[in-house]
Amino acid sequence: MGTFSILVAQASAVGSELIEEAGHEGFGFNTNVLDTNLINLAIIIAVLFVFGRKVLGGTLKERREKIEAAIKSAEKRTQDAASALAEQQQKLAQAQAEAERIKKAAQENAVKAKEAILAQAAVDVERMKQTAAADLNTERDKAINQLRQRVVAQALEKVESQLRGGIADDAQHTLVDRSIAQLGS
């Protein structure tokens, strides 16, 4: 590029000299090839075409390679992203299936636990009823035994009081027999 600007500067300097000279002669066509610098311009254009083409071609080639590399990189990232997305979607589907399986298992376990709790509660209620019935029977038997003891104690008191007051022999035998009969039952 530096060579091109030097050549342009020289061409403009030569052109301005020509304009000054032309200004003295007037307006017209100059047919002198050396005066018009056509050879210089042809050389400059040829040099620019040969060297500029290489520089411009190299720059364009570099640019094209960079663009191709960027496109390939973008395509690779797109493919990677697509495969990662597919993988994550598959993992999501697996996680959802696992969550559904866990939920189903939890519901089944809850039903089993409920049934087990209800069965245990029924067993506990039945045991409590049996315990209550046994306690009731024990209390009833205790009350009956207390009543028997009172009856015996009262009968003995009555007998003792009658013995002190003098009871006939027949009455004593009858009373003793009755008391013995009551104690036996």
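User: What makes the meeting of the E87 and K91 side chains a salt bridge?

Analyst: Set the distance against the definition. A salt bridge is a side-chain nitrogen of Lys or Arg within 4 Å of a carboxyl oxygen of Asp or Glu. For E87 and K91, the N to O distance is 3.4 Å. That value lies within the 4 Å limit, so the pair counts. This is a predicted model: local features need pLDDT of at least 70, side-chain atom pairs count only at pLDDT 80 or more, and totals for chains, interfaces and linings use all residues. Residues are numbered from 1 along each chain as its sequence is written, and side-chain values use heavy atoms, with hydrogens and water left out.

User: How do you know how far apart E87 and K91 are along helix α3?

Analyst: Count along the chain. E87 and K91 are 4 residues apart in helix α3, which means about one helical turn between them. Side chains of opposite charge can pair when their charged atoms come close.

User: Why are E87 and K91 called partly exposed?

Analyst: Three classes are used: buried is under 20% relative accessible area, exposed is over 50%, and partly exposed is in between (1.4 Å probe, protein chains only). E87 has 40% and K91 has 43%. Both values fall between the two cut-offs, so both residues are partly exposed.

User: Which class does R64 fall into, and which does E68?

Analyst: R64 has 56% relative accessibility, so R64 is exposed. E68 has 37%, so E68 is partly exposed. These two also form a salt bridge, with the closest N and O atoms 3.4 Å apart. They sit 4 residues apart in helix α3, about one helical turn.

User: What makes R101 and E98 a salt bridge?

Analyst: The N to O distance is 2.3 Å. That is within the cut-off, so the pair qualifies. R101 and E98 are 3 residues apart in helix α3, again about one helical turn. R101, at 48%, is partly exposed. E98, at 35%, is partly exposed too. A search of the whole structure finds 5 salt bridges, this one among them.

User: Why can L41 belong to a surface patch?

Analyst: Patch residues need over 30% relative accessible area and no salt bridge; like charges are joined within 9 Å, and nonpolar side chains (Val, Leu, Ile, Met, Phe, Trp, Tyr) within 5 Å. L41 has 40% relative accessibility, so L41 passes the area cut-off. L38, L41 and I45 make a nonpolar patch of about 290 Å². L41 lies in helix α3, residues 38-165.

User: What does the UniProt record say about residues 37-56?

Analyst: The unreviewed entry annotates residues 37-56 as "transmembrane region". Such annotations may be inferred rather than shown by experiment; positions follow the numbering used here, and feature names are shortened. In the model, this span is 95% helix and 0% strand, and its end C-alpha atoms lie 26 Å apart.

User: How do you know which elements the protein chain has?

Analyst: Helices (H or I, at least four residues) and strands (E, at least two) are DSSP runs, numbered from the N terminus. By that rule the chain has 4 helices and 0 strands.

User: Where is the mean pLDDT lowest, and where is it highest?

Analyst: pLDDT is the predictor's confidence in each residue, from 0 to 100. Among the elements, helix α1 (residues 2-25) has the lowest mean, 62, and α3 has the highest, 89. The mean for the chain is 82, and 77% of its residues reach 70 or more.

Note on methods: Areas by Shrake-Rupley, 256 points an atom, 1.4 Å probe, with all protein chains shown as cover.
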